[in-house]
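User: I have a structure to study and would like to go through some of its residues and strands. Can we take it step by step?

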Amino acid sequence: MQTLKRYKWTWVMLLAAVIMAVYLVVNSLSFGDKKLPVIGEVQDFSLENVDGQQVSLADTAGKARLVYFFFTECPDVCPITTYMLSQTQDLLVKDGSFGKDIEFVSISFDPENDTREAIRAFGDKFHADYNGWYFLRGDQEQVRKLAAESFKVLIYGNSKDDFAHANLIGLVDRTNRLRGLYDAGDTENVTPEFLAESVKKLARE
């Protein structure tokens with residue numbers, strides 16, 4: 001009981017964040033042919049890619065983007081979701097939009113274990129096309145702040161043994177505005193075909 005009282009406001013804030021995330025996910029899925037709402041602005045960042053280069057938000061601007069937060073030693077949702085993104089990539093490569101009008105950004109929140117080499121090996125497993133798919137790493141607290149404030153993605157724990165995180169894919173427009181949040185676990189609605197059509201539609205705006 002004392003523990004519950006001690007962390008009461010933490011649990012209240014967590015519950016509020018979860019409710020808001022669910023609301024945004026539902027709204028993202030239900031807009032059909034209408035324009036997606038603007039959920040918020042994506043804050044600037046500068047993170048390291050698999051080649052050791054710094055990549056900023058500005059470097060990805062001008063294209064529609066799918067953004068996902070992960071760690072390479074994730075035992076469940078991260079590899080499954082990355083595989084779904086790789087299938088989405090394949091669909092976009094076929095019509096020539098991948099890397100030209102559309103990019104993916106996968107951001108690790110485990111810099112201790114996710115070296116450039118580990119992240120490249122992870123991306124290679126899913127035949128990532130690095131011409132249009134950024135795999136990034138950086139300071140853990142910076143990434144947590146970016147995930148929570150710009151993408152409503154909460155990340156808990158401090159190591160690969162106790163990480164917990166919302167498994168959401170963000171949809172970002174050409175001017176760095178968050179326009180959609182998709183629950184990657186909702187495989188009935190969130191499919192590679194759905195993601196490909198959603199990001200292509202945004203690229204055409």
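**Strands, core and buried charges**

Analyst: In this predicted model, strand 1 (residues 40-41) and strand 10 pair in the antiparallel sense over 2 bridges.

User: Which residue of strand 10 does Gly-40 stand opposite?

Analyst: Strand 1 covers residues 40-41 and is paired with strand 10. Within strand 10, the residue opposite Gly-40 is Leu-178.

User: Over how many bridges do strand 9 and strand 10 pair?

Analyst: Strand 9 spans residues 168-172, and its pairing with strand 10 is antiparallel. One opposed pair has Leu-168 facing Asp-183 of strand 10. The number of bridges between strand 9 and strand 10 is 5.

User: Which residue takes a positive phi in the hairpin of strand 9 and strand 10?

Analyst: This hairpin has 4 residues between the strands. A positive phi near 70° occurs there, at Asn-176.

User: Why is strand 10 described as largely enclosed by the rest of the structure?

Analyst: A residue is buried when its relative accessible area is under 20%. Strand 10 runs over residues 177-183, which makes 7 residues. It is largely enclosed because the buried ones number 5 of the 7.

User: Which strand gives the most to the largest nonpolar core?

Analyst: The largest nonpolar core has 55 residues, and Phe-69, Ile-107 and Phe-151 touch the most other members. The strand that gives the most to this core, with 6 residues, is strand 4. In soluble globular proteins, nonpolar side chains tend to be buried together. As for Phe-151, its contacts beyond four places in sequence include Val-42, Val-67, Leu-146 and Phe-69.

User: Is Glu-103 buried or exposed?

Analyst: Glu-103 lies in strand 5 (residues 102-108). Beyond four places in sequence, its contacts include Thr-60, Lys-63, Arg-65 and Tyr-134. The cut-off for buried is under 20% relative accessible area. Glu-103 has 3% relative accessibility, so it counts as buried.

User: Which side chain of opposite charge is nearest to Arg-65, and how far away is it?

Analyst: Arg-65 sits in strand 4 (residues 64-70) and is buried. A salt bridge needs a side-chain nitrogen of Lys or Arg within 4 Å of a carboxyl oxygen of Asp or Glu. Arg-65 has no salt bridge. The nearest side chain of opposite charge belongs to Asp-173, at 5.1 Å.

User: Which backbone oxygen does the side chain of Arg-65 reach?

Analyst: Beyond four places in sequence, Arg-65 touches several residues, among them Gly-170, Leu-171, Val-172 and Asp-173. Its side chain comes to 2.3 Å from a backbone oxygen, that of Asp-173.

Notes:
Residues numbered from 1 in each chain as written. Predicted model: local features only at pLDDT ≥ 70, side-chain atom pairs only at ≥ 80, totals over all residues. Heavy atoms only, no water. Buried < 20%, exposed > 50% of the residue type's maximum accessible area, 1.4 Å probe, protein only. Lys, Arg positive; Asp, Glu negative; His and termini not counted. Polar contact = N/O pair within 3.5 Å; in protein donor to acceptor, adjacent residues only side chain to side chain. Contact = heavy atoms within 4.5 Å. Core = buried A, V, L, I, M, F, W, Y, C linked by side-chain atoms within 4.5 Å. Pairing = 2+ DSSP bridges.
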